[in-house]
Amino acid sequence: MRISVIGCGYLGAVHAAAMADLGHEVIAVDVDAAKVDALAQGKPPFFEPGLPEILSSSLASGRLRFTTDISEVAGASLHFIAVGTPQSENSGAADLRFVHAVIDALIPHLGSADVIVGKSTVPVGTAEALSHRLLAAGSSATLAWNPEFLREGFAIKDTLSPDRLVFGFGEGPGALQARSALRDVYSQAIASGTPVVETDLATAELVKTAANAFLATKISFINAMSEIAEVTGANVTELADAIGYDARIGRKFLNAGVGFGGGCLPKDIRAFSARAQELGLGSSVAFLDEVDAINLRQRERVIARVIADAGGDAAGLRVAVLGLAFKPHSDDVRDSPALDVAQGLLAAGADVVAYDPQAHGPALLRLPKLNLADTLEQVLVGADIAVLVTEWPEFVALDPRVAGDLMAHKRIVDARNVLDADTWRAAGFHYSSLGRP
Ligand code: UGA
């Protein structure tokens, strides 16, 4: 099929490359010329395992092209909207200006039977408003919604073999045609058994918001349990294992630690809360404010713990921060708990040095004062205490004997609960974590 993808950020770049990899002819559009140039040379402007490979092969096949010129979408009949919906500057609400701008820019280039498919995460009601916008401009193109559930670090797999596909359609005459276009574009995933949920526009929008709200709630639930565990001497990891065996609960997303971050979960729960308030339903999701508060409290807990474990005085304390990305296998530092911990320790007067296998560039853009080490060994040299805030495999595999030889004092705070306490203590470390004795 001939498709266009508008917006070449994380979602759009991956979607465009994956669709071309499936055999579709893809024109991908972004207003950022530097981003378009980099992608056209097969160089993603962010770290995502597997993306450079499918980008290069799709570019070489001629099926994938990048451009800043929106008029080039004219040859395609299916247009995916993949622009960002960041948090507004002055509130928790989603900023929809890019989504609206794309619709306006697309309108002059649309054929009467074209289908526009929203993939961006938007507040419920947005698709209906965009449909009205199309109609008001005299366009007879159809709008459908197909939310994206990809995880950074697993984006290619999640796009090519998703857990489920959700298609939302309006009531207009183009719905049948939109359905058939979406079934065609995803025919390989559907043929291999991916479940498809077909629904209305509002439900499709809400599925995405609700899924991220649920995931965030799960993480904050276990982090709240870790606060209780800490005071009562219980072990939150064993608690998570035990409740996780109940298939109704499940063990995934019950890892207590410094909490969730990234470009999605934090902003999505805030946008959900803001939208619910607009609808007069603020109390229905008021718990999400608490989910957010628990999550942000974890960062403060970790900062306080590092200072307390090192004797209570942050001034001049040499702290090795292990990790800056919001999670491993990513260079994304948006709303990263790791970066906030580094910043908080700096603000408290500590001498902070950080190391992350991928995120130094993005971290320096946000925190230019941060001192960085080139290797894991280097960040540990002379440290009074280390804090593990992103569970990269090389940190999890760190040998405490090696770490102990490099550091000035053998102290570690495991803010992701991923190290073996006994092994570290046996190596002479003062080891502490969140919610484990
Ligand atoms: C999340 C969702 O998982 C995707 O399904 C969704 O498509 C995406 O947001 C989005 O809206 O675009 P992502 O932000 O890539 O994906 O990251 P996750 O793997 O969900 O992790 C989010 C955060 O939760 C990370 O900071 C991670 O460290 C933290 N986390 C996760 C925990 O603290 N504990 C856990 O048990 C699991």
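Helices (H or I, at least four residues) and strands (E, at least two) are DSSP runs, numbered from the N terminus. The structure is a predicted model, in which local features need pLDDT of at least 70, side-chain atom pairs count only at pLDDT 80 or more, and totals for chains, interfaces and linings use all residues. Residues are numbered from 1 along each chain as its sequence is written, and side-chain values use heavy atoms, with hydrogens and water left out.

**View 1. The shell around the ligand.** There are 21 residues around the ligand (one of their heavy atoms lies within 4 Å of it). Phe149, Leu150, Glu152, Lys208 and Asn212 come nearest. Helix α9 (201-232) and helix α11 (265-278) each supply at least two residues of this shell; α9 gives the most, with four.

**View 2. Polar contacts of the ligand.** Polar contacts are pairs of N or O atoms within 3.5 Å; within protein, one must be able to donate a hydrogen and the other to accept it, and residues adjacent in sequence count only if both atoms are side-chain atoms. Polar backbone atoms of Gly261 and Phe326 lie 3.1 Å and 2.9 Å from an oxygen atom of the ligand. For Lys327, a polar side-chain atom is 2.9 Å from a ligand oxygen atom.

**View 3. Ala293 in helix α12.** Ala293 belongs to helix α12, residues 287-309. Ala293 is partly exposed because its relative accessible area is 33%, between the limits for buried (under 20%) and exposed (over 50%), with a 1.4 Å probe and protein chains only. Its C-alpha atom is 18 Å from that of Gln277, 16 residues apart along the chain.
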